[in-house]
Amino acid sequence: MNTVYSSIKGLGFYVPDNIVTNDDLTQYMDTSDAWIQERTGIKQRRYFTYGKDTNASMGAAASRMALDRAGLEPSAVDLIVYATITPDYYFPGSAFLMQRELGLEGIGVIDIRNQCSGFVYALSIADQFIKTGMYKTVLVVGSEIQSSFLNKSNEGRGVAVIFGDGAGAAVLQATTDPEHRILSTHLHADGRYAEDLYVRDPGSSREGQWISEATLADGQYNVTMNGNTVFKHAVVRFMEVINESLTANGYQPEDLSLLVPHQANIRISGYVQQQMNLPDEKVFNNIQQYGNTTAASIPIALTEAFEQGRIKPGDLVCLAAFGSGFTWASALIKW
Ligand code: ACO
């Protein structure tokens, strides 16, 4: 019997129409285009339009594009794996809402909350389900509406300028072709650093009600980030997990055709690129246009890289992520 693998058959993304430039942010906080570009590489990001976009509707739009490009009807999908940290409801997750929007009632859905590594975790789960033969076609989605989370005052400016909204999707299908497939995925986490990048509230382990005057007054529903610690861990873990995927498959960094890193911050990607001695054409960045879209950033970047002809059949493509948790993960793909 032939071994079953999974391969990416279609990619898609959706970003809201509303473009918010760095200059636009100066309405809410003391900041400047120069400060933001120098520290993060970001020029603009997208913010959702209330009443038009939801986390699930953006995921559905990205999924429709991915399915269309795969030449598949939504009815071909056996399972949805959906990564987000900004769901439309506290529960159930947005996977359920997107399933409903795509008319796929009855199939299984899995919600993943693994922050910036969420898409790679979701891809890994989809890959395992396909390799065991349980499912043939799995839709993997990353979608985020972060603009409604952000504290856009001076107090929150160190975080608010970084994040944006958007969604990306990939359709995975079973294949027996060993030359064009996901080679391996690698997942890691270290909960010792949970509070170095987190949103505390609303949380269950609170005195009395989980949302109260006291929790609101505390302001711990804002993102708290220890930027220095995140930076230091990110650069090390990115390199480790990229190298882990290469070593697992007998490759060297110079064999890579394209690295698609989570779009965290251009300084993080730039440092990794420099340390790994990768030329510009082997690293894809689009944080300039969309900011950091957390679980959506890799599928958006992968789709744009594909659209721009940066990925060709036979290419060795590495997806790598680092994020809150801390989590870090990679996927090595022979396209
Ligand atoms: N505009 C202007 N000034 C600002 C802004 C802003 N948006 N934000 C902070 N400042 C000011 C601060 O108030 C501070 O002023 P002070 O020196 O008078 O006190 C000064 O700039 C430096 O502030 P820091 O917080 O030390 O800013 P830093 O230089 O560290 O840059 C940044 C912040 C970009 C977030 C940095 O910590 C960093 O690169 N962190 C890496 C982590 C990261 O990028 N995380 C985002 C992604 S998380 C993920 O996806 C894994």
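This is a conversation between a trainee and a mentor about one predicted model.

Mentor: Before we start, residues are numbered from 1 along each chain as its sequence is written, and side-chain values use heavy atoms, with hydrogens and water left out. This is a predicted model, in which local features need pLDDT of at least 70 and side-chain atom pairs count only at pLDDT 80 or more, while totals for chains, interfaces and linings use all residues.

Trainee: Happy to begin with T175. Why is T175 called buried?

Mentor: Buried means under 20% relative accessible area, exposed means over 50%, and partly exposed is in between, with a 1.4 Å probe and protein chains only. T175 has 13% relative accessibility, so T175 counts as buried.

Trainee: Where does T175 sit, and which residues does T175 touch?

Mentor: T175 belongs to strand β7, residues 166–175. Strands here are DSSP runs of E with at least two residues, helices are runs of H or I with at least four, and both are numbered from the N terminus. Leaving out residues up to four places away in sequence, T175 touches T3, V4, Y5, S6, S7, H180 and R181; contact means heavy atoms within 4.5 Å.

Trainee: What makes the pair T175 and D177 a polar contact?

Mentor: A polar contact is a pair of N or O atoms within 3.5 Å; within protein, one must be able to donate a hydrogen and the other to accept it, and residues adjacent in sequence count only if both atoms are side-chain atoms. Here a polar atom of the T175 side chain lies 3.0 Å from the backbone nitrogen of D177.

Trainee: Let's turn to the ligand. What makes a residue part of its surroundings, and which come nearest?

Mentor: A residue is near a molecule or strand if one of its heavy atoms lies within 4 Å of it. There are 22 residues around the ligand, and T31, R39, R157, R267 and N292 come nearest.

Trainee: Which polar atoms face the nitrogen atoms of the ligand?

Mentor: An N or O atom in the side chain of T31 is 2.6 Å from a nitrogen atom of the ligand. For the side chain of W35, the corresponding distance is 3.4 Å. G227 takes part through a polar backbone atom, 3.3 Å from a nitrogen atom of the ligand. Taken alone, the ligand exposes 990 Å², and the protein buries 69% of that; the areas come from the Shrake-Rupley method with a 1.4 Å probe, and for residues only the protein chains shown count as cover.

Trainee: Which element gives the largest share of the shell around the ligand?

Mentor: That is α8, with three residues. The elements that give two or more residues to the shell are α2 (33–40), α6 (157–160), α8 (227–248), α9 and β12 (316–323).

Trainee: How do you sort the shell by class?

Mentor: Ala, Val, Leu, Ile, Met, Phe, Trp, Tyr, Cys and Pro count as nonpolar, Asp, Glu, Lys and Arg as charged, and the others, Gly among them, as polar. On that basis the shell has 11 nonpolar, seven polar and four charged residues.

Trainee: Why is the ligand said to lie between domain 1 and domain 2?

Mentor: Domain 1 (5–178) and domain 2 (182–334) both give residues to the shell around the ligand, so the ligand lies between them. The domain bounds come from an automatic or database domain assignment. The centres of the two domains, taken over C-alpha atoms, are 14 Å apart, and their contact takes 49 residues from domain 1 and 46 residues from domain 2.

Trainee: Nice. Why does S269 count as buried?

Mentor: S269 has a relative accessible area of 7%, so S269 is buried. S269 lies in helix α9, residues 266–275.

Trainee: What about Q115 and T294, buried or exposed?

Mentor: Q115, at 16% relative accessibility, counts as buried, and T294, at 2%, counts as buried too. Q115 lies in the loop between β5 (108–112) and α5 (118–131), with phi near 55 degrees, a positive value in a residue other than glycine. T294 lies in the loop between α10 (287–290) and α11 (297–307), and its phi is near 50 degrees.

Trainee: And why is N226 called partly exposed?

Mentor: N226 has 33% relative accessibility, so N226 counts as partly exposed. Its place is in the loop between β10 (224–225) and α8.
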